Amino acid sequence: MSAQRTIVIVGAGFSGTLVAASLLKAQHWSATQIVLIERAAKIARGTAYAERSYPYLLNVPASRMSADPNSPLDFLNFAQHRIPDATAEDFLPRELYGQYLEATLLDAEVSAATHVEFKRVKGDVCGIEPAEQAGYRVVLADGRQFDADDVVLALGNPGPADLPGTDKLGDQYISNPWAGPQNFTAGETVLLVGTGLTMADVAMAASAETKDEITIHAMSRHGLIPPSQTQFSQNTCKVDSGSILRAASFSALTLLRSVRELADDTERRGGDWRETITFIRNIAPQLWQRLPAREKRRLLRHVRPYWDIHRHRLPSQTLARMNHLRRHQKLNVHAGRLLEFELVHSAKADVNVARPKVRVTWRPRGGDQPQTMLVDRVVNCTGPDYNIRRSGGPLMRSLMSQGLAVADPLSLGIRTGAYGALINAQCQAARNLFYVGPMLRADHWEATAAQELRGYAERLAGYLSAPVGRMRAVASA
Ligand SMILES: Cc1cc2nc3c(=O)[nH]c(=O)nc-3n(C[C@H](O)[C@H](O)[C@H](O)COP(=O)(O)OP(=O)(O)OC[C@H]3O[C@@H](n4cnc5c(N)ncnc54)[C@H](O)[C@@H]3O)c2cc1C
């Protein structure tokens, strides 16, 4: 290794961009090179903030989207250059947020010290191998290689798990709505599988693109759709977090009881019970780490659907639009279980031109009689599949086959230690290989929203820029 230290970041979406920006702004004690590798055409976008044909809105108000914890209105100030009357409570365009992230990185780049070099690389990383002396060799699909003292993986969300029986559906099945344009056609009927935030996004785009000339069915086991964001001040929910953390060390049930009591108490004091969700979310990593393994499973099985819908909320205008579509039967939400997909070809003479339809057999929740519906297309809106054992990506497969990365037993993501250090197959935390992003949920539970990921990215950058040895020794002590 040269005297210059090299930190390679793989993935320049939200998390990778913020790690790079924090590293560029940090004080480094020796000559440092930061290499940011991204396979997409544009950096600082990722899946969430990419340019799309439909102008999707952020799900969180502008005041809670700052990339800089010391300046909560940083994003709003940026946005007001383009949208002068934007307010802190507005849900602004996601694409604008991508531009903001890019500008944040650029600002950090120009403010970096002269002994800190920054390199952006466009490329697809397909492997990471331990180097002969120390650190890692990062291998790109086109054959280029980078030697790194430290590697940060910021790969984003995995795609959704394929729905059983969809392999025969061909073009009538969209396996990942974020992988490319969906191009909805007026007059078609579509089934969106999943009823969460992705479903809401796809339903909004589909109805706008076809000027409401579309019939949408959305289905999930519980048929729950997210509520809208609400405005309340977070000051009525008052409790010593210690009592909730103690409840979590016993069982999912004692935890649930304590949370219910807290919600009731908050309402009695004139507050909004949803303050409790925010309170719990802020201590979710500590709660999660205290819950015994069996109780984690129990919580996932019984509470997760309810937690998810209250935790992930919609802008009020999105919910109003969805309610409008529901009133006009343009959006029909079902609770049930999918049983079978079958491709049905037209009996007409022009069989070669007519697109086949999909017959969907499903059983309504609580019912025993299967029902069918005929749709033109099925869109998988079930969200990321965090079971990395099923990952088809060469990089994750390579990491797992070398034992450098392991899946957690609950299939929530990737196993990590302090600062996101990868836990290897021998249960040891890597010294120089880190992960940041939504798959931290395996060890922290809440690691989805920009606010949470910003914290993880900052802490990792702080750790990486600390004098090597001193702080690392402290961390491993
Ligand atoms: C549709 C959507 C909307 C969201 N809206 C909000 C919101 O309004 N508010 C909020 O707080 N949170 C929101 N989130 C959640 C959160 O902000 C994102 O999930 C967050 O952007 C995740 O950041 P990331 O860097 O981990 O992943 P990403 O931002 O997706 O970035 C991962 C990057 O890594 C690159 N990459 C992956 N593998 C490789 C490889 N092998 N080689 C090179 N490059 C690679 C990808 O191309 C991608 O650019 C949203 C999430 C989604 C999916």
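The following questions and answers cover a sheet and the nonpolar cores of this predicted model.

Local features need pLDDT of at least 70 and side-chain atom pairs count only at pLDDT 80 or more, while totals for chains, interfaces and linings use all residues. Residues are numbered from 1 along each chain as its sequence is written, and side-chain values use heavy atoms, leaving out hydrogens and water.

User: Which strands stand at the edges of the open sheet of six strands?
Analyst: Strands are DSSP E runs of at least two residues, helices H or I runs of at least four, both numbered from the N terminus. Two strands pair if DSSP finds at least two bridges between them. The order is β3-β2-β1-β7-β16-β15, with mixed pairing. Each edge strand has a single partner, so one side is left without a neighbour in the sheet; these strands are β3 (116-122) and β15 (421-423).

User: What is the bridge partner of Val152 in β16?
Analyst: Strands β7 (residues 150-153) and β16 (residues 429-435) run parallel and are joined by three bridges. Within β16, Val152 is partnered by Phe434.

User: Which helix gives the largest share of the largest nonpolar core?
Analyst: A nonpolar core is a set of buried (under 20% relative accessible area, 1.4 Å probe, protein chains only) Ala, Val, Leu, Ile, Met, Phe, Trp, Tyr and Cys residues joined through side-chain atoms within 4.5 Å. The largest has 78 residues, of which Phe75, Tyr97, Ile128, Val138 and Leu153 touch the most other members. Its largest share, eight residues, comes from residues 450-465, helix α14.

User: How many residues are in the other core, which includes Tyr56?
Analyst: This core lies apart from the largest one. Among its members are Tyr56, Ala203, Met322 and Val379, and its size is 25 residues.

How values were computed:
Buried means under 20% relative accessible area, exposed over 50%, partly exposed in between (1.4 Å probe, protein chains only).
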